[in-house]
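Hello,

Here is the structure I promised to pass on. Please open it alongside this email; my notes follow below.

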Amino acid sequence: MRNGLLAKSLFLVVVLATGIADGVEAKLGDTPDGSRSNFVHLIPLLAEPVAGKEPDQIHPDSDPVLPFSTKQTCGACHSYDKISDGWHFNAIDPNVNLGRKGQPWIFADPTSATQIPLSYRKWPGTFRPEQIGLTPMAFLQSFGRQMPGGGIGEMVDKSDNPEEVLKSEVTGKLEINCLACHDGNPEMDMGGASGYAIQVILRGNYRWAATASCEFAYVTGSVKGLPNEYDFRAPFTSGDSKLKPPVVAYRKEAFGHNDWAGFDIRREPPKQRCYFCHSNIDVQDGKTEKWFRDEDVHIASGLICADCHRNGLDHNITRGYAVESRDSNNPLTTISSCEGCHLGKNGEKPVAGRFAAPTPKHAGIPPSHFDKLSCTACHSGPWPANETIRTKTARAHALGIAGASKEGEILPHLLYPVFAKGQDGKIGVFKLFWPAYWATMSEGNVTPLAMETVKSATSRVITRTAFSKTGSWPDLKDEDIVKILTALGEKVDAGVKSVYVTGGKLYSLDAGGKLVSADSKMAEPYMWPIAHDIRPAAQSLGVRNCQDCHTTNSPFLFGLVSVDSPLKNLTAKEMVAFEKLPRCYTRAFAFSFVFRPWLKVVAILSSLVIMGVLVLYALKALGFVAKVVVGDEK
Amino acid sequence: MDVSMFRTVAAAGFAAVIAAILLHFIVSKPKFDDVFGKDRGLRILDPLRLVVFLKTLLFIEQKWSLVGVLRKLVFLLAILCFVVLVITGFTPMIFLGKSITGWWLMIHATAAPVFAACVAILAVLWADKNRLDKSYCPLLNRILDRNPKSTVAPEKHELKLRICFWAILTMSLPVILSAVVSMFPIFGTHGQEVLLQIHRYSTLLLSLFAIIYLYLAALTEMNRIAAK
């Protein structure tokens, strides 16, 4: 009774405050009033409603205590559906512009020597999760830890697997977790032992995940093993003592008048929120010590991620690359790139110097460099060394999550900085990894096999003794691959060949059962451009002299990109190959810089001589003219 | 950087100068019979022979002194470098509409310092010879009421040749300096772009003056041969 009355009151408030603009219903919080102060979010928590009914308000002393639904709680004032179209949630929408290639989800499994790029976006080089047999729930189990919900998280009831559809009634949907980005409270828990990530990947508590991340809630228990008829709104009784359904406990002091709860909501997400999914760390001596590395220079100077990466209600966030305006309708794309703030040339009015961004002088750098290089080429990532280094990212290695491996060698093996030509035709800095997966090949088309099929073959060959303690590649020999390919060959259709892609090669068995390798486009490394971390200008390439890049052994041109694979003795590739530069010319051009000082000396001396002659004869001529003018010519 | 403007100006400049030279060549009626003989037949049309002949016209008078040998060698080397620089510098620009890059740039940068050195040496060796010290313009003399010391009458095209010499020398300064200064961390992006434009336009002027100079030098030499 009390619930219904309060919920109705709330809806009355919302409806009264709701405006109708352009035929589209705008909610109370959709249009800001312009105040730069922080809006206090003291609001009622609303639970997922019974179909066709209004949502119930949650009280900390109810039984059972329900998890709050962000779709209802936040959606009461903010258009949830519109937010759902945002970049962080719209990967499953085939109509969304793909934009620049980004970091995929990487399914890494050392027991089957696999690391394969997955994405619901059709970025070239990626595979769709279902191609390796990942259902929406299986995908969430692997990657939901660092997804902010929405998208595939809300598609679990539309799985092709009927069992999963039934199960989705128990697990609920993984709604957009608004708190993942907008909660400013330091106790907000995304990666803790009972936080958001653990709820998603270990306990399958999709409905409870956002609640578990909230600073004033704690969730225990799991939907694992619960019967399909489990109702989260009703008290649970079972004879099986092992079954412990999710239980929510709210901190009562978080609730105030009318049991409305206070959130520390920030319009601009604090950097720590972004870091949970977007952290990077270099692997040095097998370790990932973050005190070795500085933060991005922008962060160090006081900016937050959201200063550059902005969006409106539609959450169509700017990604920040130079040509983003052709992919996105976010009006800030042109001024949110490096050039936007630091040069500000693209706008009709001056926009340079935003956030006190200094205008670079680029003294001595020929302008042709700016046609061929992106800003990141000289300013991003670590200072290049003779060979690429290993790096870990939050999304690839579950950084920041309780219990995640801290080993530097754990798969997937990401390498950087790789200087390569990007989709915009300019050389930039990339992260890279060499896909390794078992597949079938028919008429030249390579299709990855479902992991279930792969595992059934690899588990007999790659045994526990071959596993690496660090989670790196297993100890795999050519004869092991032959055995696995033979076993897989028995599982695939006649006329279809089983293959193994790794280290840039495609391995298969010839007619005699011998292992052969060949180059293949399907074996090419997956690369995505990076921008962060940005180094200070004083540490950018070229800051010392041209020889930072133009020498015959410069890492920028001739550094080695490791070829990573469970197979040993693979030759590293030179950076020029990725930059798509002609090696012979590039080497000759780099060598010519040996003579650059001579050229300067000869040119300057020649100029001085010519100048001397010109001045001498100009003075003579002047003297002659003076004599003529005064009539003293003899 | 937009090169279309310079591309147009350069193409127009070369076209105008070449057209003017052709027109002048036809109008001036060079005495081919005196040079090649009346029975030359079609030999003059032999391309190889023509090229060799034109080249020999540029062989300045040989003097059997060290300076004389040096001067001739430097002059020929300067012409060779000039041809290389013009081809590598203007071909990609005029015909492809692109800035010089790749092997073109390598060859250009290799020939450039040699050319600069040659121009400097020739400046020292020829500056005195190219003084404007004769009575080139009687009208001007009358106005200034001066009576030049040198009574030697200037040769045909001599004044034009000397003006071209000083123009080449003058233009070579911005050409060389704009290139070499850009190699030092002095000027920022805008400054670099300005330097590049200075290099382009001063090079264009230098090239046009040099072409006119070479044409006039060859014509003078041909007339000299015909007069013998």
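Into which domains is chain A divided? There are domain 1 (2-9 + 37-89 + 148-267), domain 2 (272-433 + 527-588) and domain 3 (596-634). Keep in mind that this is a predicted model. Taken over C-alpha atoms, the centres of domain 2 of chain A and domain 3 of chain A are 52 Å apart.

Now chain B. Its secondary structure is eight helices and zero strands. Along the sequence, that reads α-α-α-α-α-α-α-α. Chain B has 228 residues, and 26% of them are buried. I also looked at contacts in chain B between residues at least 6 apart in sequence. Of these, 71% join residues at least 24 apart.

Next, the contact between the two chains. How many residues does each chain put in? Chain B gives 35 residues and chain A gives 26 residues. On the side of chain B that touches chain A, the elements giving two or more residues are helix H5 (102-126), helix H7 (158-181) and helix H8 (189-227) of chain B. H5(B) supplies the largest share of that side, with 11 residues. By residue type, the side of chain B that touches chain A splits into 25 nonpolar, eight polar and two charged.

To find this side on screen, start with H5(B), the source of its largest share. Then go on to helix H7 (158-181) and helix H8 (189-227) of chain B, which each give two or more residues as well.

Best wishes

Notes. Residues are numbered from 1 along each chain as its sequence is written. Chains are lettered from A and ligands numbered from 1 in the order in which they are written. This is a predicted model: local features need pLDDT of at least 70, side-chain atom pairs count only at pLDDT 80 or more; totals for chains, interfaces and linings use all residues. Helices (H or I, at least four residues) and strands (E, at least two) are DSSP runs, numbered from the N terminus. A residue is buried if 20 or more other C-beta atoms lie within 10 Å of its own, exposed if 12 or fewer, and partly exposed in between; C-beta atoms are placed from the backbone. Two residues are in contact if their C-beta atoms, placed from the backbone, lie within 7 Å. Ala, Val, Leu, Ile, Met, Phe, Trp, Tyr, Cys and Pro count as nonpolar, Asp, Glu, Lys and Arg as charged, and the others, Gly among them, as polar. Domain bounds come from an automatic or database domain assignment.
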